[in-house]
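User: Hello! I would like to go through this fold with you and ask how each label is earned.

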Amino acid sequence: TLGHLPMLLARNPRKVLVVGLGSGMTLGATSVHPSVEQVTLAEIEPKVIGVARSFAVYNHSVLENPKLRIVFNDGRNFLMTTPEKFDVITADPIHPWFQGAGYLYTTQYFKLAADHLNPGGVVAQWLPIYELTPQDLRSVVRTFREHFKYTLLWLTQSDAELVGSNSPLLIDEGELARRMAAPAVADDLKKVMMGSPADLLSYFVMGTDGMARFSRDGILNTDDRLYLEFSAPFSIATPSLQETNVRALAAHRESILPYLAPATEPQAREE
């Protein structure tokens, strides 16, 4: 989901930056969209490449894709040292309570990502809803919002996805259907019960206004005050938090209608 969602929401996703490889699922998802001309992977650990190759049948053999460029560097450091701009920047860092991961959840990182977006571009960030308290979630959401005028939050099973842009995020269902129809994209999305625009949109929870209300009391996570890295470990192995967090997010759920491009035909408006 973290690979496909920003690709479907960006205005014209041609250049993509993926921060972190893992099994390559997110990277592979971005690579199969027909509009993509170049995918840059920023990965700090070269040995992870072998792991991702083991998952080739699931990640579209992305490591063999000629559109892929691999940069062995910390993703944040790469952004600090490149003048390049991207249409999509997506990050799937490890859980915030791992030492060092907190620096990919700070306001300074999100500003860096925002500064490297092309007009109409989006940033997507993975947000686990397990082993984090609602207060920790509010911290991440508030920190993310600091540098994006427009934001969306999606909830998929045990994870949430944050999407931010400084260009208006208005979802056109017709365009969404067209992009989702690309064969490899459609196959991926069907496997996770997102095979149609209606299915995909059902995972939407809130947009800019709802996220502002939800995170109003959140603690800002900064480089010199890594609140999240020191708070999150206290909630490790607390299974009840997933339900608690779903309820906390659902309490601020918004209608998706303000974030959809208005339909013109009466039947389409009713649907």
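User: Which residue is the bridge partner of F86 in β5?

Analyst: Happy to help, and please keep in mind that this is a predicted model. F86 has L117 as its bridge partner in β5.

User: What makes β4 and β5 a pair?

Analyst: Two strands pair if at least two bridges are found between them. Strand β4 (residues 86-91) and β5 have 5 bridges, in the parallel sense, so they pass that cut-off.

User: In what order do the strands of the open sheet lie, and why are β3 and β8 said to stand at the edges?

Analyst: The 8 strands run β3-β2-β1-β4-β5-β7-β6-β8, with mixed pairing. Both β3 (68-72) and β8 (204-206) have a single partner strand, so each keeps one side without a neighbour in the sheet. On average, neighbouring strands are turned by 20 degrees against each other, direction ignored.

User: Which helix lies across β1, β4 and β5?

Analyst: That is α5 (residues 107-115), running at about 150 degrees to β5. Its buried residues are T107, Y109, F110, L112, A113 and A114, and their cover includes β1, α4 (75-81), β4, β5 and α6 (134-145).

User: Why is S167 called buried?

Analyst: Buried means under 20% relative accessible area. S167 has 13% relative accessibility, so it counts as buried. You will find S167 in the loop between β7 (159-165) and α7 (173-180). Leaving aside neighbours within four places in sequence, S167 is in contact with R11, P119, G120 and Y150.

User: What does the side chain of S167 reach at 2.9 Å?

Analyst: The backbone nitrogen of G120. A polar contact needs a suitable pair of N or O atoms within 3.5 Å, and the S167 side chain reaches that nitrogen at 2.9 Å.

User: How do you know that the buried residues of α7 are on the same side of the helix?

Analyst: The buried residues in α7 are L176, R179 and M180. They cover an arc of only 95 degrees around the axis, which puts them on the same side of α7. Their cover includes α1 (4-9), α8 (183-191) and α9 (197-201).

User: What caps the N-terminal end of α7?

Analyst: D172 does, with a side-chain oxygen 2.9 Å from the backbone nitrogen of G174.

User: Last one: how many residues has the largest nonpolar core, and which have the most contacts inside it?

Analyst: This core has 81 residues, and I89, L152, L153, W154, V163 and L249 have the most contacts inside it. Strand β5 (residues 117-128) gives the largest share, 6 residues. Not counting residues up to four places away in sequence, V163 touches several others, among them L5, V122, F144 and L169.

Note on methods. Residues are numbered from 1 along each chain as its sequence is written. This is a predicted model: local features need pLDDT of at least 70, side-chain atom pairs count only at pLDDT 80 or more; totals for chains, interfaces and linings use all residues. Side-chain values use heavy atoms; hydrogens and water are left out. Helices (H or I, at least four residues) and strands (E, at least two) are DSSP runs, numbered from the N terminus. Buried means under 20% relative accessible area, exposed over 50%, partly exposed in between (1.4 Å probe, protein chains only). A polar contact is a pair of N or O atoms within 3.5 Å; within protein, one must be able to donate a hydrogen and the other to accept it, and residues adjacent in sequence count only if both atoms are side-chain atoms. Contact means heavy atoms within 4.5 Å. A nonpolar core is a set of buried Ala, Val, Leu, Ile, Met, Phe, Trp, Tyr and Cys residues joined through side-chain atoms within 4.5 Å. Axes are lines fitted to C-alpha atoms, for helices over the stretch in contact, and angles run from 0 to 180 degrees between N-to-C directions. The arc is that of the directions from the helix axis to the C-beta atoms.
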